[in-house]
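Colleague: Before I use a model like this one, I would like to learn how to read its features one at a time. Could you take me through it, giving the general idea and then the case at hand?

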Amino acid sequence: MQPAPPPGVRIADRIREAVADGRPVLALESTILTHGLPRPRNLEVGLEAEAMVREAGVEPATIGVVGGVPVVGLDDGDIRHLCSADAVVKASTRDLPVARAQGLDAGTTVAATAWLAHRAGIRVFSTGGLGGVHRGAAETFDESADLPMLAVTPITLVSAGVKSILDIGATLERMETLGIPVLGYRTERYPGFYVSDSGFPVPARVESAAEAAAVARARDALGLDAAVLVANPVAADAQLDPVVHDRVLAEALRAADAAGVTGHDTTPFLLDFVQRATGGRSLEVNLAVYFGNARLGAEIARELAA
Ligand code: PSU
Ligand code: MN
């Protein structure tokens, strides 16, 4: 059963109508735009991802917070604003009430976006990389709110895995604990975002959007509440050179430690460091991955709407 949309959330008419008509809709997050990509590239990517989804016959619903109001289905002006305004915060689910009460602009993380998308009746969501368990979490308890939120949000989420800035093994263990199905898209290996193989296996494999949609339908038929994660690897010939990747990652982790960066600033700090240290090469991989996920998400959305 679809819960009613909360009164404090704005759902664009085009999204409301598409959902009511049973037409395919794909949710897209905005933290990748506000805190994951450099300006002005972020705006180009935000608009291009939407155009690509539309061309695939799917209604794009980029989600973010404008003036405190969570919006499902930002318009071009909203996206432009979030990609260029001065004080845009990063909002996970727990930040939504503060943003709302204080009228803040915010990019929404996977956790917040998934929750808003589900409450709007959207069944598929594409992102770049997921949040997960940070290295050193045994001491810091730093685990992204993405994981517990995905455990209770029955959506299908396409990502390229988690970046190796995180503890990937621990992240996969937590997904198991939380009852979150993980599907490798045409692979048996969990992807590491910049690289196609993180070094860890996935528990199940699908060969097509239709097979991924079948798992989501089965989840619904069983009355289970967790998101189905579709892990879509970057092509091996488009990945970041694994040797460069390992070296830059080690430098980034040392820099974060030296700068005393903690908490929700950690992910943006590390991503920015890696981007600068690879001379923009990681950015190209990032974009290839993100567009690939938008394409696959659109395909799954069409399967689920069929
Ligand atoms: N991983 C990336 N790029 C990103 C993020 C994660 O490779 O932009 C963003 C996503 O929005 C994700 C959030 O939901 O960071 C996780 O942040 P935290 O660890 O603070 O929950
Ligand atoms: Mn955190």
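**Reading the cores, the fold and the backbone**

Modeller: This is a predicted model, and a good place to begin is its largest nonpolar core, which has 60 residues, those with the most contacts inside it being V72, I122, L130, L150, M175, Y190 and L229. The largest share of this core, five residues, is supplied by helix 6, residues 110–119. Apart from this core lies another, of 39 residues, including M52, V124, A209 and L304.

Colleague: What general idea stands behind looking for such cores?

Modeller: In soluble globular proteins, nonpolar side chains tend to be buried together. L150, one of the residues with the most contacts inside the largest core, shows what such a position looks like in detail. Once residues up to four places away in sequence are set aside, L150 touches V110, A114, L130, L157, I180, D225, A226, A227 and L229.

Colleague: Which residues of helix 6 are buried?

Modeller: The buried residues of helix 6 are V110, A111, A112, T113, A114, L116, A117 and H118. Since eight of the 10 residues of helix 6 are buried, this helix is largely enclosed by the rest of the structure. A general point helps in reading such a list: an α-helix has 3.6 residues a turn, so residues three or four places apart point the same way. Following helix 6 comes G121, whose phi is positive, near 90°.

Colleague: How many helices and strands does the chain have, and how does its radius of gyration relate to what the globule rule gives?

Modeller: The secondary structure of the chain comes to 13 helices and 13 strands. The radius of gyration is 18 Å, close to the 19 Å given by the globule rule for 306 residues, so the chain is as compact as a globular protein of that length. Taken along the principal axes, the box filled by the C-alpha atoms is roughly 50 × 45 × 35 Å. Buried residues make up 55% of the 306 residues, and among contacts between residues at least 6 apart in sequence, 74% join residues at least 24 apart.

Colleague: What can be said about the exposed area and the charges of the chain?

Modeller: The chain exposes about 12800 Å², of which carbon and sulfur atoms supply 54%. There are 27 positive and 38 negative side chains, and the centres of these two sets lie 2 Å apart.

Colleague: Let us turn to the backbone. How should I read phi and the peptide bonds?

Modeller: Most residues other than glycine have a negative phi, and most peptide bonds are trans. In this model the peptide bond from R39 to P40 is cis, with omega near 0°, and P40 is found in the loop between helix 2 (31–36) and helix 3 (41–55). F141, a residue other than glycine, has a positive phi, near 60°, and F193, likewise not a glycine, has a positive phi of about 60°.

Colleague: Where do F141 and F193 lie, and is each of them buried or exposed?

Modeller: F141 lies in the loop between helix 7 (137–140) and helix 8 (146–151), where F141 is exposed, with a relative accessible area of 71%. F193 lies in the loop between strand 10 (189–192) and strand 11 (195–201), yet F193 is buried, with a relative accessible area of 0%.

Colleague: Which residues does I168 touch, leaving out those up to four places away in sequence?

Modeller: I168, in helix 9 (residues 168–177), touches V162, K163, Y190, G192, S198 and F200 under that condition. Of these partners, S198 is 30 residues from I168 in sequence, while the C-alpha atoms of the two are 7.5 Å apart in space. The cut-off for counting a residue as buried is under 20% relative accessible area, and because I168 has 7% relative accessibility, I168 counts as buried.

Colleague: What are the contacts of T171 and H245, if neighbours within four places in sequence are again left aside?

Modeller: T171, also placed in helix 9, is buried, with a relative accessible area of 0%, and is in contact with G132, V133, L147, V162 and L166, apart from those neighbours. H245 lies in helix 11 (residues 242–258) and, at 7% relative accessibility, counts as buried. With neighbours within four places set aside, H245 is in contact with S164, Y194, V195 and L240.

Methods. Residues numbered from 1 in each chain as written. Chains lettered and ligands numbered in written order. Predicted model: local features only at pLDDT ≥ 70, side-chain atom pairs only at ≥ 80, totals over all residues. Heavy atoms only, no water. Helix = DSSP H or I, 4+ residues; strand = E, 2+ residues; numbered from the N terminus. Rg over C-alpha atoms; globule rule 2.2 N^0.38 Å. Buried < 20%, exposed > 50% of the residue type's maximum accessible area, 1.4 Å probe, protein only. Contact = heavy atoms within 4.5 Å. Areas by Shrake-Rupley, 256 points an atom, 1.4 Å probe, with all protein chains shown as cover. Lys, Arg positive; Asp, Glu negative; His and termini not counted. Charge placed at Lys NZ, Arg CZ, Asp CG, Glu CD. Core = buried A, V, L, I, M, F, W, Y, C linked by side-chain atoms within 4.5 Å.
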